[in-house]
Amino acid sequence: MQLDFFPSRTLTLYLAKLFVVRIFAVLVMLVLVLLALDLLGTTGNILEPEGNGQAEILRYASLRVPQLISQFLPYSVLLATLITLVGLNQNSEVVAMKAAGLSAHQVLSPLLLTAGVIAIISFGFNERVVTRSNATLKAWTAVDYGPVPVDSGVRANINLIDGDNILTASSLNGTGQEIVLTNVTWDARGPGGIVTEQIRATRATYAAPGWVLENPRRFNVGAAEITEQDTVTVGENLTPDQIDLQSIDVDGQSFWELAGTIEALDAAGRRTTEMRAKWWHRISGPLAAFLMPLLGSIAAFGLARSGQLLVRAVIGMALGFAYFVVDNAALAMGSFGGYPPFLAAWAPFFLFFLVGETVLIRTEE
């Protein structure tokens, strides 16, 4: 028995079933509570545009639920680990398994296997569902929950630099010469970066060269005058290719799309440190679920009647939440170049894997 990593098939299925049910229950609870709190703060903004109603609220909820699932699935695995292991300990099931000759790693192996499968499912869910929800919700938010053109290339919050001048847009639709910018602002700046003129328009299209602003309102800062025109052309040095490279929504691209974007930016000589860190984190992030049974394993062992079960559960929870804090801090450091991208994404995972193994071996093995 000691040479087998997994216990018997019956025991493996029993533990895996307990674990999956608790993960699902905790995840549903967290998502419902957080979604309700989110809707309390955003429902007013959603209903503000004319014609919006219950359908738009349900649409917002459908876009937010995948984001909440992706963000809080590792937390659900951690809490489910503690609930499962504390229950097994209180019912003396862990004592029975160890009395039958199982090691601590064998007791945890069904949970680790289940968490590994969940990590793989989470990666696929993030790539197929969450990235699309991110892109759509950002574009919808950028137009204040108004109508958004149906387009797979929709992006939000565009900021472009043309020499000293700045072109911003709330959203971008299409690719290449078919790009359409909405809610556009053109800031013409003079010496010292002082804005001398600002032009605002609801829409802009490519004019080869430049970008045609439709029905613009021109504000001359020096004269404090506002004039209106049919069209005006700005940003003659901004090409569609440059806009495609400068208006990338990392959260809205899949793993493989982001890899291609990074290669294109490298070829153009652009900085890609932040994108590379997030690209590596697309893999290491879902794997956080695999770590949670190991970090929470301290709650499984030790006699329940010793009075230290609550302390062990708190320590397991502290280790789990410490991982999330360190992971976010490392990713932030990698985003502005403090850490190499690979190290920023993977160092917390390997560090806490070693911490979890050390705690488990020193206390039980």
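Is Met 292 buried or exposed? Select Met 292, a residue of helix H8, and the answer is that Met 292 counts as buried because its relative accessibility is 0%, where buried means under 20% relative accessible area, exposed means over 50% and partly exposed lies in between, with a 1.4 Å probe and protein chains only.

Before going further, note that this is a predicted model, in which local features need pLDDT of at least 70 and side-chain atom pairs count only at pLDDT 80 or more, while totals for chains, interfaces and linings use all residues. Residues are numbered from 1 along each chain as its sequence is written, and side-chain values use heavy atoms, with hydrogens and water left out. The helices (H or I, at least four residues) and strands (E, at least two) named on this tour are DSSP runs, numbered from the N terminus.

**From Met 292 to helices H8 and H9**

Keep Met 292 selected and add Phe 321, which is 29 residues away in sequence, with 9.6 Å between the two C-alpha atoms. Now widen the selection to helix H8, residues 288-295, and helix H9, residues 309-335, which pack at an angle of about 155 degrees with their axes 9 Å apart. Here the axes are lines fitted to C-alpha atoms, for helices over the stretch in contact, and angles run from 0 to 180 degrees between N-to-C directions. H8 and H9 are therefore roughly antiparallel to each other, since angles over 145 degrees count as roughly antiparallel, under 35 as roughly parallel, 65 to 115 as roughly perpendicular and the rest as oblique. H8 passes H9 in a right-handed crossing, a crossing being right-handed if the near helix is turned clockwise from the far one by less than a right angle, and left-handed if anticlockwise.

**Helix H2 and its neighbours**

Next, select helix H2 together with H8: this pair packs at an angle of about 20 degrees, with axes 8 Å apart, and H2 and H8 are therefore roughly parallel to each other. The crossing of H2 and H8 is right-handed.

Hide H8 and look along H2 itself, residues 54-90, whose 37 residues place the end C-alpha atoms only 46 Å apart, short of the 54 Å that a straight helix would reach at 1.5 Å a residue; the expected span is 1.5 Å times one less than the number of residues. Then centre the view on Phe 72, where H2 has a kink of about 50 degrees, shortly before the proline Pro 74. The bend at a residue is the angle between axes fitted to the seven residues ending there and the seven starting there.

Follow H2 to its end and select Ser 92, which lies in the loop between H2 and helix H3, residues 93-99. The phi of Ser 92 is near 60 degrees, a positive value in a residue other than glycine, and Ser 92 is partly exposed because its relative accessible area is 41%.

Bring in helix H4, residues 104-142, which packs against H2 at an angle of about 160 degrees, with their axes 10 Å apart. H2 and H4 are therefore roughly antiparallel, and H2 passes H4 in a left-handed crossing. The residues of this contact divide into 15 nonpolar, 7 polar and 3 charged, where Ala, Val, Leu, Ile, Met, Phe, Trp, Tyr, Cys and Pro count as nonpolar, Asp, Glu, Lys and Arg as charged, and the others, Gly among them, as polar.

**Bends in H4 and H1**

With H4 still shown, select Asn 126, on which a kink of about 45 degrees is centred, and then Asp 144, just after H4, where phi is positive at about 55 degrees. Move to helix H1, residues 9-47, which has 39 residues and reaches 53 Å from its first C-alpha to its last, close to the 57 Å expected at 1.5 Å a residue; H1 bends by about 45 degrees at Gly 41.

**Three asparagines among the strands**

Select Asn 159 in strand S1, residues 155-162, which is exposed because its relative accessible area is 52%. Add Thr 185, 26 residues away along the chain, and the C-alpha atoms of Asn 159 and Thr 185 are separated by 9.7 Å.

Go on to Asn 215, in the loop between strand S5, residues 211-214, and strand S6, residues 217-220. Asn 215 has a phi near 50 degrees, a positive value in a residue other than glycine, and is exposed because its relative accessible area is 57%.

Finish at Asn 220, found in strand S6, which counts as partly exposed because its relative accessibility is 32%. Show Val 195 as well, since Asn 220 and Val 195 are 25 residues apart in sequence and 9.3 Å apart in space, C-alpha to C-alpha.
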